[in-house]
Amino acid sequence: EEIEEKKEYHLSVLLIAILLGFISYLCPLPNFIKVIFYIISYTLLLYKTTLNAIKMLINGQGINENALISISCLGALFTGNILEGMMVIFLYTIGKILEEKAIHNSRQSIKELLDIKSVVASKKVNNEIIEIPVEEVELKDILLVKKGERIPVDGVIVKGSSLLDTSALTGESDKIKVSLGDEVISGSINTEDVLEIEATSLYENSTVAKILDLLEKATDKKTKTETIVSKISKIYTPLVMVLALIITIVLSFVFNISFSDSLYRGLTFLVISCPCAIAISVPLSYFTAIGVASKKGILIKGSNYLDNLSNVKNIIFDKTGTLTNGSFQVSKIIITDDNLKDKYTMDEIIDILIKGESFSNHPIAKSILKLKDIKVDNQDVKDFKEITGKGISFTLNGKKILLGNNKLCPCDSYASLHLNIDGEHVASIMIDDGIKKEAKSVITKLKSIGIKTYMFTGDKKEVALDIGHKLGIDEIKYEMLPTDKFENFERVSKYNEITIFVGDGINDAPVLKRADIGISMGGVGTDSAIEASDIVLMSDDLTKITETIDISKYTKKVIKQNLTFAMLVKISILLLSVFGLANMWFAVFADTGVTLLTILNSLKIMKKFNSQ
């Protein structure tokens, strides 16, 4: 379903109303014609605003700026300040039209994501292709996806190969090559040859459905700032109306000012007091920022999370799948003693490693097998044993071989693996699981803006310390169970400092849910990533984290500018109005003029980050 955009204010109606008003004001017409034109003009200008005020009053939502505007403009009409009253509502309505336009523009990036849903799917039945609604796709259905079409549900390729455009999902422009047996996610666009996929999810459980559900909820949660504005307005508006009434009465009866002039000052006070700039600019700023982020493949579930990002003090990273890509690789092999280099060449050591690890299915074993692109001849390997949590042992050419960690091969080195031959320590093998290229720079930037960095991992001490030190992580915790991560998170955030947890959204669900802000990396298609995290990064790019923090900080800066400017202008002109030094034109600027300026200022968020 698409986000509904219902226009409340129409420029054509506004122009007709203003035209009638100016004709009656400027042209020498009979008085009764002028009155009719004024009534029609004011009705066209005010009907929507007054209707909104009445609806809110009936629904028990109190009196808001709509009521202030309506009363002020009608008062201006009855006190003979017809043109000024018209300009108040005219500029107010222009502000509302610009607000709708701004919101429309910020929604475009979200609408691009909403377009990822396929309406129908081409199902293969007995060598025939029939079109069915995407909601009727069943598990194991064979679906045909032609060039230019979106993949309707998550699945596995059973025939064909192609390049997929996933930019609407991940924000990445590079196309992904897929072929037989590869998993594909719904919403991706097939850019080349025809694919046949076997459905592995129903539509309601597909990636697209999860994203759409997330987007529907994205702006439901208010930030503290918005909530405060909403609460204050319920007290503020009636208070202002009472003060305007007091000003009118006091000026008229105490200071012997004419009732007409006193009423005019009271009405001017009302218009100046309208909190339009605050009521519009705060939510608009956050909505614009959420739209900008979504276009970059950063889905934020609520503006409260965006707001809190600017106050983060700690960030905790999971290791595998977050700081690393989970693909083990041998980074270095060190022969422990120069005397052994005469006894074993590097090539001979690699052959020993490959022969032994060819019997193992462990991910580290697979990384060792990549050291040589040859078919392994392991017939001379005898007595192979896999020792859980330690390594492997075997006999080769009559020699006893041990290959494993410090528990199997005691050693002072922090290397991941050690090779012992007949009880002699021959070599140390350094293995990492593929540190992401941008990880170091991201950690450095986070630390430069005062955020303390942590790494929580279930991996072994040696591997965790090696990776953590390379990246410059402040605190490293290793060999942790999910419960350990949860308990240690409580320790980190015990001083009520806002703390982020970044994980892959699978085994980290408890701490993702507990975190002040849970961020899942590459969470596309995983239930726990969508459900447990507050922000979902649609790609594995760590720089998206610092980019989101930048968006948050800039958004808060813009909001502070708007609030400061609006309050200073309003207080200054309010004081002038009480002493009769500000007329309705000052009021127009203090209300609608300030609102227009804060709206334009809010749009800087879109301009700044869309250009990057």
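## Briefing on a predicted 612-residue chain

Among the elements of the chain, helix H14 (residues 439-448) has the highest mean pLDDT (96), while helix H18 (residues 527-532) has the lowest (63); pLDDT is the predictor's confidence in each residue, from 0 to 100. The model is predicted, so local features need pLDDT of at least 70 and side-chain atom pairs count only at pLDDT 80 or more, whereas totals for chains, interfaces and linings use all residues. Residues are numbered from 1 along each chain as its sequence is written, and side-chain values use heavy atoms, with hydrogens and water left out.

**Whole chain**

- The chain holds 21 helices and 22 strands; helices (H or I, at least four residues) and strands (E, at least two) are DSSP runs, numbered from the N terminus.
- Of the 612 residues, 50% are buried, where buried means under 20% relative accessible area, exposed over 50%, and partly exposed in between (1.4 Å probe, protein chains only).
- About 29,000 Å² of the chain is exposed, and carbon and sulfur atoms supply 57% of that area; accessible areas come from the Shrake-Rupley method with a 1.4 Å probe, and for residues only the protein chains shown count as cover.
- Among contacts (heavy atoms within 4.5 Å) between residues at least 6 apart in sequence, 64% join residues at least 24 apart.

**Confidence**

- Mean pLDDT for the chain is 82, with 85% of residues at 70 or more.
- Over residues 1-5 pLDDT stays under 50, and the model has twelve contacts for them beyond four places in sequence.

**Helix H14 and the largest core**

- Ala439, Val442, Ile443 and Leu446 are the buried residues of H14.
- Viewed down the axis of H14, these buried residues fall within an arc of 100°, so they line one face of the helix; the arc is that of the directions from the helix axis to the C-beta atoms.
- An α-helix has 3.6 residues a turn, so residues three or four places apart point the same way.
- The cover over the buried residues of H14 includes strand S11 (314-318), strand S18 (452-456), helix H15 (461-471) and helix H19 (543-578).
- Gly450, just after H14, takes a positive phi of about 85°.
- The largest nonpolar core has 46 residues, and Phe317, Leu323 and Ile545 have the most contacts inside it; a nonpolar core is a set of buried Ala, Val, Leu, Ile, Met, Phe, Trp, Tyr and Cys residues joined through side-chain atoms within 4.5 Å.
- Not counting residues up to four places away in sequence, Phe317 touches ten residues' worth of partners including Ile443, Leu446, Tyr454, Phe456 and Ile545.
- A second, separate core of 40 residues includes Ile18, Ile82, Val88 and Leu267.

**Glu547 in H19**

- Helix H19 contains Glu547, which counts as buried because its relative accessibility is 17%.
- Beyond residues up to four places away in sequence, Glu547 touches Lys296 and Ile298.

**Helices H2 and H4**

- Helix H2 (residues 31-58) has a kink of about 50° centred on Leu46; the bend at a residue is the angle between axes fitted to the seven residues ending there and the seven starting there.
- Leu46 is itself buried, and other buried residues of H2 include Lys34, Tyr38 and Asn52.
- Just after H2, Gly60 has a positive phi of about 75°.
- Phe90 lies in helix H4 (residues 82-114) and is buried, with a relative accessible area of 17%.
- Leaving aside neighbours within four places in sequence, Phe90 is in contact with Leu14 and Ile18.
- Phe90 and Leu15 are 75 residues apart in sequence and 9.0 Å apart in space, C-alpha to C-alpha.
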